[in-house]
Structure formats: structure tokens, C-alpha cells
Amino acid sequence: MTNCPICNGKIEHTSKIITYEYKNHSVQINQLGEYCSECGESFLSPKDLKSSKKEIADFKREVDHLL
């Protein structure tokens with residue numbers, strides 16, 4: 001764990017359920033990242049973003065009727 005650069009709280013690398021919105025549609029995905037336990041700020045590395053990239057792309061294809 002490290003300290004948050006915003007509030008100096010503790011940062012933990014974990015996953016959280018987040019709501020992703022696209023064209024007035026939404027889906028909940030499990031997003032890996034570093035999250036501050038004090039202020040709730042998230043810090044996502046390229047590796048963290050890659051972990052949810054396919055799920056987000058599939059959701060966009062479904063909304064756009066490309067599946």
C-alpha cells in the first residue's frame with residue numbers, strides 16, 4: 001500500500017464494481033485498480049485498463065448492434 005497523492009489516505013490495489021455508461025446505456029464491470037480508502041479516488045494503470053478492455057468493447061458492440 002502507498003499513500004494517496006490527493007488526501008494522503010491509504011491506497012490499495014483491488015477490484016471494484018463500477019458503472020460504465022455508453023450512449024444512454026450502462027453496465028457494471030469489475031475494474032482492477034488502485035483505490036484510496038479515504039477519498040475514493042482511483043488510479044488505473046495501463047495493465048488495469050487492459051483487464052476490462054474486452055468487456056467494455058463487447059458492451060459497446062452490443063449497444064451498437066454489432067454482435
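Is Tyr20 buried, partly exposed or exposed, and what is its relative accessibility? Keep in mind that this is a predicted model. Tyr20 comes out at 22% relative accessibility, so it counts as partly exposed; the cut-off for buried is under 20%.

To place that residue, start with the sheet. Four strands make up an open sheet in the order S1-S2-S3-S4, and the pairing is antiparallel. At the edges sit strand S1 (2-3) and strand S4 (42-43), each with pairing on one side only. Strands like these are held together in a general way: the strands of a sheet pair through backbone hydrogen bonds, either parallel or antiparallel. Here, S1 and S2 pair in the antiparallel sense over 2 bridges. If you want a spot to look at, go to Asn3, whose bridge partner in S2 is Lys10.

Now bring in the helix. H1 lies across S2, strand S3 (25-36) and S4, and H1 runs at about 170° to S3.

That brings us back to Tyr20, which belongs to strand S2 (residues 10-22). A search of the whole structure turns up 1 aromatic pair. Its rings are those of Tyr20 and Phe59, with centres 6.2 Å apart and planes at 85°, so the pair is edge-to-face; planes over 60 degrees apart earn that label. The pair links distant parts of the chain, since Phe59 is in helix H1 (residues 46-63), 39 residues apart from Tyr20.

And the other ring? Phe59 has 10% relative accessibility and therefore counts as buried, whereas Tyr20 counts as partly exposed.

How values were computed
Residues are numbered from 1 along each chain as its sequence is written. This is a predicted model: local features need pLDDT of at least 70, side-chain atom pairs count only at pLDDT 80 or more; totals for chains, interfaces and linings use all residues. Side-chain values use heavy atoms; hydrogens and water are left out. Rings of Phe, Tyr and Trp (its six-membered ring) pair if their centres lie within 6.5 Å; planes under 30 degrees apart count as stacked, over 60 as edge-to-face and the rest as tilted. Buried means under 20% relative accessible area, exposed over 50%, partly exposed in between (1.4 Å probe, protein chains only). Two strands pair if DSSP finds at least two bridges between them. Contact means heavy atoms within 4.5 Å. Axes are lines fitted to C-alpha atoms, for helices over the stretch in contact, and angles run from 0 to 180 degrees between N-to-C directions.
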